[in-house]
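Please open the model in your viewer and keep the selection tool at hand. This tour goes from stop to stop, saying what to select next and what is there.

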Amino acid sequence: MNSAWRESVLNLVRQMPEEPAPFEPGKTPVPVSGKVVGMRELELMTEAVLDAWLTCGRFNEQFERQLGEYLGVRHVLTVNSGSSANLLALAALTSPELGERAVKPGDEIITAAANFPTTIAPIFQTGATPVFVDAELYTWNADISMLEKALSPKTKAVILAHSLGNPFDAATVKTFCEEHGLWFVEDACDALGATLGGKHVGTFGDFGTLSCYPAHHITMGEGGAVYTSSAKLAELARSFRDWGRHCHCRTGQDNACGHRFDGQYGELPRGYDHKYVYSHIGYNLKITDMQAACGVAQLERLPDFVRARRENWLFLRERMGNCPYLQFESELSTARASWFGFPLLLSEDAPISRLELLRGLNEHKIGTRLLFAGNAVRQPFLQGQHFRVVGELTNTDAIMNRGFWIGVYPGLSREMLDYAAQTLSDLLGGKR
């Protein structure tokens, strides 16, 4: 491709105007989440298009490397969604190469009942049985004091999410898993940039998972990642991600092992092309290089995004400190949340129901969300499925019935946040 023509195309992209529309209370929507992309993302995505490589390429390699540097992990594998990241992490743990520690059909995996469905679905998809524990009422995270009660001779793993970007005590869960020989998967899809004791969440477990959906901390449109510091687990995850193949060559690479035509695998003829040897029943979960290009630009802005989310959360917390009938979340003393949203629990004695409150906010064009599946065991997708519940799930039910959250993402202005806070206070009968 002519380099001068290519540069002229990129210059046109760089000249595109960025003019945010003015905020009009009651007319302009105040979303709970959304993408924040600009010129840099468009420039790099255009570069990727002009490369015409399409599948994983140079931008993907750059994104995986830079995300690993940010998190402090050795191995990052991009995937096509955060949901696929959870599936890939658990699928890798089923590999026969893990021996007795491999997750097998009928084994149990502990998780939270207050959850997103695709943290739970891979447990069933790998043939295991989920064991549900209750939530903490003031963090909406799993009550990790229930882990011992959830343990059984069948337990093989724990998978827990850092709810709405607020870290649970992953260090204690790691110790529990090590003591009992369990795998630990941290779903950090809502928590990129959050830390515990100065260490990034997702790096305490054997695997961490990430989502890059537009609602999340950084976006590639669709996309996500699995990360680990274990070379063996990274190798297994790459196999499952890339059709289940035994070969470790990256896209467009041949014979990285130097033994492409001289191996013996299963009952295949000796010298069978190593690029077409499959050791697992896998998937194709890769992304395109255009997505990765967007991710590279987003990583450049990630520290600012995390800071903005915290500042927006703190603004709302201070602004609504005297708002009646609302209970607020808190962080662990060693945690620094990277807030995905601003969680609120409506008091039982509130003058209006949650449904009335959400309808009122909606009428004022203020976006709200519930905590995903609420109490997942009450969802249609779990009816008739085999699972185990530890305790009464009382707090999970309270969150399901009275919890909701509003936005803190970097695309929200102070004017928008102030309007959301005042509207909430007005609907609940409060005063400025």
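A charge is said to sit over a ring if NZ of Lys or CZ of Arg is within 6 Å of the ring centre and within 35 degrees of the ring normal. Before selecting anything, note that this is a predicted model, in which local features need pLDDT of at least 70 and side-chain atom pairs count only at pLDDT 80 or more, while totals for chains, interfaces and linings use all residues. Residues are numbered from 1 along each chain as its sequence is written, and side-chain values use heavy atoms, with hydrogens and water left out.

Begin with R101 and W183, where the charged end of R101 sits over the ring of W183 at 3.7 Å from its centre. Then select K199 and F204, where K199 lies over the face of F204, at 4.7 Å from the ring centre.

Next, colour the model by helices (H or I, at least four residues) and strands (E, at least two), which are DSSP runs numbered from the N terminus. An open sheet of eight strands comes into view, with the order 1-9-8-5-4-2-3-13 and mixed pairing, where two strands pair if DSSP finds at least two bridges between them. Its edge strands, strand 1 (75–79) and strand 13, each pair on one side only. Within the sheet, strand 2 and strand 4 pair in the parallel sense over three bridges, and I109 stands opposite A157 in strand 4.

Now select helix 5 (residues 117–125), whose buried residues (buried means under 20% relative accessible area, exposed over 50%, partly exposed in between, with a 1.4 Å probe and protein chains only) are T119, I120, A121, P122 and I123. These buried residues pack against helix 4 (82–92), strand 2 (108–112), strand 3, strand 4 (155–161) and strand 5 (183–187), contact meaning heavy atoms within 4.5 Å. Just after helix 5, look at G127, which takes a positive phi of about 85 degrees.

The aromatic residues come next: rings of Phe, Tyr and Trp (its six-membered ring) pair if their centres lie within 6.5 Å, and planes under 30 degrees apart count as stacked, over 60 as edge-to-face and the rest as tilted. The structure holds eight aromatic pairs. In one of them, the rings of F132 and F387 have their centres 5.5 Å apart and their planes at 75 degrees, so the pair is edge-to-face. This pair links distant parts of the chain, with F132 in strand 3 (residues 129–133) and F387 in the loop between helix 10 (354–363) and strand 13 (388–389), 255 residues apart. F132 is buried, at a relative accessible area of 0%, whereas F387 is partly exposed, at 24%.

Move on to F340 and W405, whose ring centres are 5.3 Å apart with the planes at 45 degrees, so the pair is tilted. F340 is buried at 4% relative accessibility, and W405 is buried too, with a relative accessible area of 2%. Then add W313, F328, W339 and F342, which form one aromatic cluster.

Finish at the largest nonpolar core, a nonpolar core being a set of buried Ala, Val, Leu, Ile, Met, Phe, Trp, Tyr and Cys residues joined through side-chain atoms within 4.5 Å. Of its 30 residues, M320, F342 and F404 touch the most other members. Helix 12 gives the most to this core, with six residues. Select M320 last: leaving aside its neighbours within four places in sequence, M320 is in contact with F328, F342, L344, I406, A421 and L424.
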